[in-house]
Amino acid sequence: MSASVHPGARTAAFPGRIQMIAGGGSHLLDFSPLRRVHDPGLQLDAVSLADLLRNAFVYPPHSIYHEVKVAISGFEPEQDLHGEPRFRSPHQLAGAIARPLIGEIDREKTVMRYHRLLCEAIAASVNGMKAPWLLQSGGKDSTSMAIALAEVRPDATCVTYLGGIEEDEVDSARFVAQRLGLRHEVLVCDSGRAYDRYLAMMPAMPLLTADFATLSYADLASTVAAVGGDGVIDALGSDPYFGMPTGWRQRLKALLAWHLPLPHALLESAPVAASFRMSYALGTMQMDRFERFFPGSRFTDAEVDALFGRPVAASSRQRLRLFRDAVLAAPTMQARRCLAAVILEAATFGKGLYIAGALDLKLAYPYCDEPLRQWIFREVPDALLIGPGGINKVLVREHIARHFQRLPYVKDKGCFRFDLVDLARKRFDQVHAFAVDTKTQLPGATDWLERHRDRLDNKYFASKFYLLAIILPWLLARAASADDLSAHNGGAS
């Protein structure tokens, strides 16, 4: 149950404790110490479960188990993650480096150097893969990756996920692949099929995250494995070092997020329940400002406590204290958003690591290659990271522009969408049954599902249903150790 372990990754086992830290920029980990996932010595962590419900991921370096700590970015390999871990933001460290000015570099040579380093990163990370598949979302990162991939591994296959009608980039992704001479496939979302595939692999998943792309990832990875692919190439990992500009949407959400308790009657009123925008706005008002940078609609603190039947949410929120110094040191909203992305990597990389491990697939994150990252940190001018008007990833755009012109994803970021409402429609009874069977762990889940059954055509509520759909069967599969959850009443970790 490992995923292409990088030599820099470290796994340490102590009496009753396990800690794993990714090394060398690989973000790949060895999960072999967790093969015995039903080991009664592993106790589920109530605060981590609250993390999942509140933010869709477990705050690093914690995991769903008390005895297991996992760190990807910002934690030094030699430290004891079970003691008092120290976090240092890679983006913050990079800010202390004097980058060259745009007038001091040869722009064309810089783009060529980026291309060469990306090719080298791909070659190193896919070494050993016989039939690699690139998850080609149609966004800038995967398009730039495809350009380099065509040079390094022209035998690779690109696959694009059509998750819904909101953002269809299949045509442009197919055009890119075909123009580059790469085979291209499309997988159309079937929420029921994706959920069934997740349930089938779930017993072999070593740890748990509830990332909102988990089911689409499970669907894609299962397809790759079914047709004989042995490895997945994922274009995640560049946001923290390329930078994330803040537009008006991020600023508006920050203005709304005041962690305010709101009357239950207002939140449950018919006009609010019928409107995604109203529900989302009122949900944002109840969130912590920093946690609002994390994507998606999640359970409020009051709802989390109701799901547990006791106060636990505050202990989850207290885990932010570990990152307080880094947050205070971030001078701008843009810097704080990058910091949130670093923390969020625990979830975004986790879904790939856990799913690839469950399916015995190799996994590559070329954008996490350390030479590539360090070069961008040190040698690329700020003007090629974020340009005038908040245009992001200027260097990546220029790399793409040397091969293609006026493509839509150069302007609009793509992603793997998933039909949340359709999942709720098709799998409500199944998830409700899981809630009944896990009543010891989350006694309020059945009540929440029954009260919101008629509101799940609203994506705000369907997103929360999705979290329960991911979490509840995993708890049920670990029922032997889940009984220990009640013994941990949400003390700060």
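This passage walks through a predicted model of a protein chain, going from the whole chain to one sheet, one helix and one surface patch.

Taken as a whole, the chain has 493 residues, and 59% of them are buried. DSSP-style runs give 22 helices and 8 strands in the protein chain. Contacts between residues with a separation of 6 or more lean heavily on distant parts of the sequence: 78% of them join residues 24 or more positions apart. On the outside, the accessible surface adds up to about 19700 Å², and carbon and sulfur atoms hold 53% of that area.

Five of the strands come together in an open sheet, and reading across it gives the order β6-β5-β4-β7-β8, with parallel pairing. The two ends of that row are β6 (183-188) and β8 (362-364); each has a single partner strand, so one side of each is left without a neighbour in the sheet. Going from one strand to the next, the twist averages 25°. As a general point, strands of a sheet pair through backbone hydrogen bonds, either parallel or antiparallel. Here, the edge strand β6 pairs with β5 (residues 157-162) in the parallel sense, over 6 bridges. One bridge can be picked out by name: Val159 has Glu185, in β6, as its partner.

What lies across this pair of strands? Helix α5 (residues 170-180) does, covering β5 and β6 and running at about 160° to β6. Quite a few residues of α5 are tucked away: Val170, Ser172, Ala173, Val176, Ala177 and Leu180 are buried. An α-helix has 3.6 residues a turn, so residues three or four places apart point the same way. As for what the buried residues of α5 pack against, the partners are β5, β6 and one more helix, α4 (140-152). Just after α5 comes Gly181, which takes a positive phi of about 80°.

Elsewhere, the surface carries a nonpolar patch. Trp248, Leu252 and Leu255 make it, and it spans about 370 Å². Leu255 sits in helix α9 (residues 248-256). Is Leu255 buried or exposed? Its relative accessibility is 59%, and because the cut-off for exposed is over 50%, Leu255 counts as exposed.

In short, the picture is of a chain with 59% of its residues buried, a parallel five-strand sheet edged by β6 and β8, a helix α5 whose buried residues pack against β5, β6 and α4, and a nonpolar patch on the surface built from Trp248, Leu252 and Leu255.

How values were computed: Residues numbered from 1 in each chain as written. Predicted model: local features only at pLDDT ≥ 70, side-chain atom pairs only at ≥ 80, totals over all residues. Heavy atoms only, no water. Pairing = 2+ DSSP bridges. Helix = DSSP H or I, 4+ residues; strand = E, 2+ residues; numbered from the N terminus. Axes fitted to C-alpha atoms, helices over the stretch in contact; angles between N-to-C directions. Contact = heavy atoms within 4.5 Å. Patch = residues over 30% accessible without salt bridge, like charges linked within 9 Å, V, L, I, M, F, W, Y side chains within 5 Å. Areas by Shrake-Rupley, 256 points an atom, 1.4 Å probe, with all protein chains shown as cover. Salt bridge = Lys/Arg side-chain N within 4 Å of Asp/Glu carboxyl O. Buried < 20%, exposed > 50% of the residue type's maximum accessible area, 1.4 Å probe, protein only.
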